[in-house]
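Please look over the structure shown here before reading on. The briefing that follows takes its inner packing topic by topic.

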Amino acid sequence: MVEKPRIRIPAVMGATIPDAAVAVPTMAADAFTASPLSNPRFEAAGRGRRLRGFNPPKDHVNRALQKAGQTLISRARWLYDNDGFAGNAVDEWAVHVVGDGIKPRPQFGSKSQKKKATELFWLWAEECDADGVTDFYGLQEMIARETFLTGECFVRIRPRQPGDMETVPFQLQVLPSEMLDASYNAQVAGGGYIRAGIEFGPIGNRVAYHFWRWHPYDDAPASAQRGTRVRVPADRVLHIFDGKQAGQIRGAPRVARVLVKLFQLEAYDDAELERKKTAALFAGFIKGRGDAPLVEADDGDVEYIDDEIGIAPMEPGAMIDLGVDKDVSFSTPTDVGGSYEAFQYRNLLKICAGLGIPYFVVTGDLARGNFANVRAGMLGFRRRVKQWQHNTMVFQFCRPVWAEFMVRAHLAGALNMYGVQSKWKLCEWMPQAPDWVDPYKDIAAEKVELEAGLRSRTQSLAQRGYDREAVDDEIEQERKDAKGRGLSFSTDGGGSGASRPASLNAPPDGSAVSDGGGSADENTGANDA
């Protein structure tokens, strides 16, 4: 029997290692000293010829925003005011996110309690703006626009005296991003600290916001003390921003990722427009050598032109004298070229992708897409909008405002919420229903889902921005009123629509609609999509 070889390993620190231990091969010394980027496993981490100049800073988003946040915001606002595509993208975002308002639907208590709370909220919404220029849903539009443009905004809860308002005594004041100094850092007694204008407690919770008393880039009254700050407790401030990184405390303008391209494209387009304007100035030049050209003076005499003064402005049809021994030639400016349209289109596609808005929404150009493309683009865009509505607008603004409204309404005696205090925060927020892309096919598909039990009328009406109980009450009241007046309509049968005339059940093209059976494509028109 052959004896297995044994490897003796010296003991370390007085410990004894068994003879049967297996020796671990040692790594080369340069394996630990070599640069981690000299031969990286990931090509993207290398520093070869293709990536030699690609060394982005490693700053966290908070530090980056403290350094460059105000510059980003000022440039974003300039583009909104001066660039048509950037301005339209911001406005379109606000339109699709808010529409005519994201409205509350209470989910607690009895039917009468929910109705009373909803009606009181409607009345309060008319006077909730501290500046007095819009209502609650107008504030939503302002917030959506500010958050897209500058990355964030703040809403300050302003308590009022009972006699100051007709409903619940508090209002909302929207403050732009510039009102909170992103460069303000300080230590606070007790282990707290201030970072980017936000005061945090020892455990990292938000304690207060240190706003400028007056807008730093706006005029203020002569008696105002510029450069002073106001500390507002965090439970009186709503900070609405779309954080993209873990630990992010301030918002970044969405336009930042395409800001350079937008500005350069605007400058390029202006240059092309000016070049085209110059090209339209078809003029002739009389060239020669010798004396300076003669021009007619204002008094009718002929005089030589001063060398330091321009000969004549270019204008359509001009013949410009350049001296004696003359020859005539005509300007031949180059055209824009056939690549202009394709160049603009490709750059705008990238800009729209960076903004997260479809090309045809930003530009209004519907000639490049067919119905199927527009429909697919709108479906994806609506999912993005719905995500932002729920995660940002509803969670950071609508829900806290509703909770504040319910507490203050109860304390003011405007609502009696005894017995449901633990549930009065339960409220569903219903955005405006998106417009139908193809109304007949979409409604036909929805009807099939309802008949198959795949969704309820409550869900269907909620997606359209309506409350099912309110709709049923309205229909019931309409039918009672119509019956009392002796009126009859085709919708009186309700339900499946069996009492409707056959002409109303047929599709516009005269083809039959399957009430049961058949493929899903036949019922929903999916083949046409």
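The notes below cover the nonpolar cores and the aromatic pairs.

This is a predicted model, in which local features need pLDDT of at least 70 and side-chain atom pairs count only at pLDDT 80 or more, while totals for chains, interfaces and linings use all residues. Residues are numbered from 1 along each chain as its sequence is written, and side-chain values use heavy atoms, with hydrogens and water left out.

**Nonpolar cores**

- The largest nonpolar core (a set of buried Ala, Val, Leu, Ile, Met, Phe, Trp, Tyr and Cys residues joined through side-chain atoms within 4.5 Å, where buried means under 20% relative accessible area with a 1.4 Å probe, protein chains only) has 67 residues, and Trp124, Phe136, Leu172, Phe397 and Phe405 have the most contacts inside it.
- Helix 9 (residues 371-411) gives this core its largest share, 13 residues; helices are DSSP runs of H or I with at least four residues, and strands are runs of E with at least two, numbered from the N terminus.
- A second, separate core has 14 residues, including Phe154 and Trp212.

**Aromatic pairs**

- There are 24 aromatic pairs, counted where ring centres of Phe, Tyr and Trp (its six-membered ring) lie within 6.5 Å, with planes under 30 degrees apart called stacked, over 60 edge-to-face and the rest tilted.
- Phenylalanine 121 and phenylalanine 405 form an edge-to-face pair, 5.1 Å centre to centre with 85 degrees between the planes, and both are buried.
- The rings of phenylalanine 136 and tryptophan 429 have centres 6.2 Å apart and planes at 35 degrees, so this pair is tilted.
- Because phenylalanine 136 lies in helix 5 and tryptophan 429 in strand 15 (residues 427-430), the pair ties together parts 293 residues apart in sequence.

Definitions and conventions. Buried means under 20% relative accessible area, exposed over 50%, partly exposed in between (1.4 Å probe, protein chains only).
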